[in-house]
Amino acid sequence: MKNLSSLIKAILVSIVFFYAQPVFAQDFDYLPAKIDGHQILDYEHFVISYNEEHEQADWVAYELTKAEVDLDGDRCKGCFDTDDSVTTGSAVAGDYSSTGFDRGHLAPSADFYQSPAVNKSTFLFSNMSPQSPGLNREVWADLEGWVRDKASEYGKLYVITGPVFKDNLGKIGNNEVSIPGYFYKVLLRFNEDGNAKTIGFILPNLGANGHFKDYTVPVNLVETLTGLDFFPALPSSVENKNESQYELKYWGLED
C-alpha cells in the first residue's frame, strides 16, 4: 500500500487541471477499450471484460438512470453461480468458501432491479471479486449508495468498476482467484449544456475507513494504475482534459 501511495502522489503532482469542453451524451459509447485476449461478456444491462489470469473482471461497465434507481425489487437469494459464458471457466463458489473474503459485487445487485433475471445475473462469479468485509460492507457500500443518489440527481451516469492488481493479497481457491490490493470506480456524466464531468475513486481492499470522498482521484490516475482506457470514444482533447480533473464541487463532495 505504501508503494502505491507514493506512486499516486507522484502522478498527482504531474497532473494539470482543465475544464472540459462540450461533448454530448448521445454521441458517447461508455465502454472502455477492449483488451486483447480478454473475453467480453455482454449482458442485458451491463458489460464485463473477463481476465482469465486473475479469474475476475478487468472492468464492469453500465449506464445507470434515475428510472432504474427508482425501481423496486428484491435482492436475489442464494443466486451466486458459475458463469458458463466464460469460455475458459469462471471462478466458482468453492473458491471463496472459508477464505475470510466476501464475494464482492462489481456491478451492485441494488443497481439492477429491472427484473428478477437481471438481478440474478449480477450474482455470476464473473461479476465477483474478493473484497474484505470491512471494505465491501462499509465504505464501498456507502460509495455504491452515493452513486445511485447521483444517478437519481443527474438523471444518468456511466459507471465503470473493477479491481486494481497492485499490491495483491494473494490468491484464493482451486482456481487461484487473485485478491486485488485495491478497487476503483470511475463515473461519467453530462451536464444539461453537454459538458462531460468525470471522477474516480481508488480504495484499498484492506484498511479503507472514513468517507469515500477521501479516496477520490482523477480518472487518468486510475488509467495509469490499471493500464485501461475508460472513455476512448470521447474526442481526445475532451478526454485528456476531462480525465485530469479533480473537482469535487461538480459532484457535491466539497465541504
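Q: Before we get to G200, what counts as a strand or a helix here?
A: Helices (H or I, at least four residues) and strands (E, at least two) are DSSP runs, numbered from the N terminus. G200 sits in one of those strands, β10, which covers residues 196-204.

Q: Cool, and what kind of model is this?
A: It's a predicted model, where local features need pLDDT of at least 70, side-chain atom pairs count only at pLDDT 80 or more, and totals for chains, interfaces and linings use all residues. Residues are numbered from 1 along each chain as its sequence is written, and side-chain values use heavy atoms, leaving out hydrogens and water.

Q: Is G200 buried or exposed?
A: G200 is buried, with a relative accessible area of 0%. Buried means under 20% relative accessible area (1.4 Å probe, protein chains only), with exposed over 50% and partly exposed in between.

Q: What does G200 touch?
A: Leaving out residues up to four places away in sequence, G200 touches K185, V186, Y215, T216, V217, V219 and V222. Contact means heavy atoms within 4.5 Å.

Q: V219 and V222, which helix has those?
A: They're among the buried residues of α6, along with N220, L221, E223 and L225. Helix α6 spans residues 219-226, and six of its eight residues are buried.

Q: What follows α6?
A: G227, and its phi is positive, near 80°.

Q: New topic: where's R189?
A: R189 is in strand β9, residues 182-190.

Q: And which side chain does R189 make a polar contact with?
A: With N191, at 2.5 Å. A polar contact is a pair of N or O atoms within 3.5 Å; within protein, one must be able to donate a hydrogen and the other to accept it, and residues adjacent in sequence count only if both atoms are side-chain atoms.
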